[in-house]
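The following note sets out points for the reader who wishes to examine this model residue by residue. Please read the points alongside the structure.

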Amino acid sequence: MTDISAVESATGRHHAWPTELRLSADRRRLTVSFDDGHIFALDAEYLRVESPSAEVQGHSPSERKFVGGKKDVQLIGIDRVGHYAVRLTFDDMHSSGIYSWDYLYELGRDHDATWTRYLDGLATAGASRERPGR
């Protein structure tokens, strides 16, 4: 008998599972391979500014924050959370977001639209990707 997640049972959707997470030597890119054949290379900056934490996402879409100054951020920790996610720690000490496998997949799949939304949000806020003082 095949195990079916509660979400899959409720929605009828199949969820891809990661087969490998690989951090680049410079700690600026996390490559996630999924069992459906998709492989996503996700920059640390992208992962940081799209953190699923309330600090970034808020508690509703209107509370979403566009965090600037993260262009050179690095990943310094990857910790498994149960069988469904990882907690990423960045060199700015942000570690409150839990990245589910589904969320990592969405970040890879929707990268271009998500990144454009982020850049537009930064521009509207008059913020920059550069760390202050650079």
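1. R131 is partly exposed in this predicted model, because its relative accessibility of 25% lies between the limits of 20% and 50%. Its side chain meets that of D91 in a salt bridge, with 3.2 Å from N to O. R131 belongs to the segment after α5 (111–125) and D91 to the loop between β5 and β6, so the pair ties together parts that are 40 residues apart in sequence. D91 is likewise partly exposed, at a relative accessible area of 30%.

2. The structure holds 11 salt bridges. Another of them joins the side chains of R29 and D43, at 2.8 Å from N to O. This pair links distant parts of the chain, given that R29 is in strand β2 and D43 in strand β3, 14 residues apart. R29 has a relative accessible area of 38% and is partly exposed; D43, with 32%, is also partly exposed.

3. A network of salt bridges links R48, E55, K70 and D92. Within this group, the side chains of E55 and R48 meet at 3.6 Å, N to O. Their surroundings may be stated separately: E55 counts as partly exposed at 44% relative accessibility, whereas R48 is buried with a relative accessible area of 3%.

4. K70, a further member of the network, is located in the loop between α3 (54–57) and β4. Is K70 buried or exposed? Its relative accessibility is 14%, so K70 counts as buried. Leaving aside residues up to four places away in sequence, K70 touches E45, R48, V49, D92 and R129.

5. Strands β1, β2 and β3 form an open sheet in that order, with antiparallel pairing. β1 and β3 stand at the edges, each with a single partner strand, so one side of each is left without a neighbour in the sheet. From one strand to the next, the twist averages 15°. Helix α4 packs on this sheet and touches β1, β2 and β3, its direction making about 85° with that of β3.

6. The strand register of this sheet can be followed through individual bridge partners. Strand β1 (residues 18–23) is joined to strand β2 (residues 29–34) by 5 bridges. P18 has F34 in β2 as its bridge partner, and L23 has L30 in β2. L30 in turn has L42 as its bridge partner in β3, and β2 and β3 pair over 5 bridges in the antiparallel sense.

7. Both connections in this sheet deserve inspection of their backbone angles. The hairpin of β1 and β2 has 5 residues between the strands, and R27 in its turn has a positive phi of about 65°. In the hairpin of β2 and β3, 4 residues lie between the strands, and G37 in the turn has a positive phi of about 95°.

8. The aromatic pairs number 6. Among them, F34 and F40 are edge-to-face, with 6.0 Å centre to centre and 65° between the planes. The rings of F40 and Y105 have centres 5.4 Å apart and planes at 90°, so this pair is edge-to-face as well. F40 lies in strand β3 (residues 39–43) and Y105 in helix α4, so the contact ties together parts that are 65 residues apart in sequence. Ring pairs thus link F34, F40 and Y105 into a cluster. F34 and F40 are both buried, and Y105 is buried too.

9. A charge over a ring is found elsewhere in the chain. The charged end of R64 sits over the ring of F66, at 4.7 Å from the ring centre.

10. A further open sheet of 3 strands has the order β4-β5-β6 and antiparallel pairing. β4 (75–81) and β6 (98–100) stand at its edges with a single partner strand each, so one side of each is left without a neighbour in the sheet. Its neighbouring strands are turned by 30° against each other on average, direction ignored. β4 pairs with strand β5 (residues 85–90) over 6 bridges, and V81 stands opposite A85 in β5.

11. Helix α4 (residues 101–109) lies across β5 and β6 and runs at about 80° to β6. The helix also packs on the sheet of β1, β2 and β3, and a reader tracing contacts of α4 should therefore consult both sheets.

Note on methods: Residues numbered from 1 in each chain as written. Predicted model: local features only at pLDDT ≥ 70, side-chain atom pairs only at ≥ 80, totals over all residues. Heavy atoms only, no water. Pairing = 2+ DSSP bridges. Helix = DSSP H or I, 4+ residues; strand = E, 2+ residues; numbered from the N terminus. Axes fitted to C-alpha atoms, helices over the stretch in contact; angles between N-to-C directions. Contact = heavy atoms within 4.5 Å. Buried < 20%, exposed > 50% of the residue type's maximum accessible area, 1.4 Å probe, protein only. Phe/Tyr/Trp six-rings, centres within 6.5 Å; stacked < 30°, edge-to-face > 60°. Lys NZ or Arg CZ within 6 Å of the ring centre and 35° of its normal. Salt bridge = Lys/Arg side-chain N within 4 Å of Asp/Glu carboxyl O.
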